[in-house]
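Trainee: Got a minute to walk through this structure with me?
Mentor: Sure, let's open it up.

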Amino acid sequence: MALETLTTTNEQDRIVKSKVPITPTLEKLLNPNLHKKEPIFTSPLKKPKEGEKVYDLSPEQIKAIQELRGAVVDLHPGMGGVVPSKLIQMIEDGIPVTSLDFMMTKGCNFECTWCYAGSSPFATEFLPFNKLESITQEAADIGVSLFILTGGEPLTYKDPALGKVNHRGEHFFKVVEMIKNTYERQGKEAKILTFDDVALINERIAEQFAHYKIGLCTKGDTLHPELQDYKVNQVGAFKKMEKGNENLIKVGYGKNPDLRNVVNSVFDHTTFDGMPDLHMLVKERGFDHSIVPIHFCGNAGDEDQEAGIHSPHVKVLYDLLSKVDEKYFDEHWEPWSAFTYNKTCNRNLSGLHIRANGDVTSCSESPGRDETDRYTFGNIFTDENFSLEELAFSNRLANYRTEFAEGSGTYVCAPDICDLNANDLCRGGCAVRSAYSGINYETGLIEEGTDVHNYSTHREDPLCPAWTKLALTQGILKEGLLSAIHERLLEKSEKLDIKDFPNPY
Ligand code: SF4
Ligand code: SF4
């Protein structure tokens, strides 16, 4: 196919770099005409009146969210699976940091088109084993109970100081053993969650994951092999990922309650149509499903976002998935927040992230030093005598967390407007989305953010279904929009029957 037939500049940029041949099928998937950048609102959105709530939840509804959180402890990014009251209690009990992320390596076997971390097979930064060891010791001393190992692809982790890598994942599992041993020596237990793109999981690695009872957050964006290959820029990637999933299932992931896997799906205009069928497969495998609506971040370009998904798409998709879960999987949830199952991000409540360049930050994607110093609390390489313990108990971190806690929005994300917010069940959704994206109040469309400090000072997740709810209340949502999105999803699905899911809008 000729490059010039693709519609957006951004797609053309990628194709120059793409290693995946653009067949007519792939071309169609890349240009689904999901949204034509036409306004979603018929007149400008107004702030809610005093006392008016976007989400007015009953005590039973609040309890239902809390119970669902408690059900799958510490899966989902940012300890989002944990009910926040538990974390607040831990802080009050003198544990200032409950979870710690190690971005072990920037190296990766894939080159995802939307990678926020700039990872690739050519990236070389990594956290040396001896640094991980000393920080883990401090973490055990101050009561950290969850480690989240990320990359890049953690299984590609290697530190020359540990000698030659004799088999895939060898150095990664040395880190796992080190964490486990450090805690055992103190009579404590550490939980480990690993982000993984699943393509490198052979039988041996699956068995090791099961042996250490490692919680997994694996990649899975689409069931279209060509599209998945294109997204990670590698021919044959989908096949490898499916093999990895098979290996996980063989050792009990999805069945054994101790072996949890949450599939993380990036949700953009190209993966939207296939999301219900992907969801069915993920749930049939016994895995949990986390869907991440894409925004202006990393390689996710302007064109992608503007031609892409907006709050109504998130609302309609989640409304449908909740009905799918009810019908086929006996799971009950009412969608409100921007995360599936109303999970949310707790990272800024009690977590810290250490990047492969040594920066200690508020989260994996928080604006970095090149933009602001506000979200970087130190560097384990360049700060002489860096101490996790000192940072954990510092005024700097305490003040930052207060600033974050006070950083409500004005339209939807505030305690007097949203009952999830008022009950600590959502603190403005994903802070990174507020930093890099925002809603245009005139059109309802997502646009690039103007102030990265919105991350902590003014959080209003632009992809929360609450915006659609507010627009509906004010009678300004484009007529027929929600129905059209619902019908489209069912028409594109090969697994769902339109008769089972009548149009609720
Ligand atoms: S993102 Fe905002 S409006 Fe949506 S559930 Fe969270 S706090 Fe409420
Ligand atoms: S703020 Fe967003 S990007 Fe950062 S940890 Fe939370 S969900 Fe992830």
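**Cores, rings and a ligand**

Trainee: Start with Phe209. Leaving aside neighbours within four places in sequence, which residues is Phe209 in contact with?
Mentor: Leu155, Phe172, Phe173, Asp196, Ile201, Ile214, Leu216, Leu248 and Tyr253. Contact means heavy atoms within 4.5 Å.

Trainee: Is there anything I should know about the model?
Mentor: It is a predicted model, where local features need pLDDT of at least 70, side-chain atom pairs count only at pLDDT 80 or more, and totals for chains, interfaces and linings use all residues. Residues are numbered from 1 along each chain as its sequence is written, chains are lettered from A and ligands numbered from 1 in the order in which they are written, and side-chain values use heavy atoms, with hydrogens and water left out.

Trainee: Back to the core. Which residues touch the most other members of the largest nonpolar core?
Mentor: Leu100, Phe102, Phe147, Ile179 and Phe209, out of 125 residues. A nonpolar core is a set of buried Ala, Val, Leu, Ile, Met, Phe, Trp, Tyr and Cys residues joined through side-chain atoms within 4.5 Å. Buried means under 20% relative accessible area, exposed over 50%, partly exposed in between (1.4 Å probe, protein chains only).
A second, separate core has seven residues, including Val20, Ile22, Leu29 and Tyr230.

Trainee: And Cys217, buried or exposed?
Mentor: Buried, at 2% relative accessibility. Cys217 is in strand 4, residues 215-219. Strands (E, at least two residues) and helices (H or I, at least four) are DSSP runs, numbered from the N terminus.

Trainee: New topic. How many aromatic pairs are found in the whole structure?
Mentor: There are 20. Rings of Phe, Tyr and Trp (its six-membered ring) pair if their centres lie within 6.5 Å; planes under 30 degrees apart count as stacked, over 60 as edge-to-face and the rest as tilted.
Tyr411 and Tyr441 are stacked, because their ring centres are 4.1 Å apart and their planes are at 15 degrees.

Trainee: What does that pair tie together?
Mentor: Parts that are 30 residues apart in sequence. Tyr411 lies in the loop between helix 15 and helix 16, and Tyr441 in the loop between strand 10 and strand 11. Tyr411 is buried at 8%, while Tyr441 is partly exposed at 30%.

Trainee: Last one. Which residues are around ligand 1?
Mentor: Ser337, Val412, Cys413, Cys418, Asn421, Cys426, Gly428, Gly429, Asp461, Cys464 and Ala466. Each has a heavy atom within 4 Å of the ligand.
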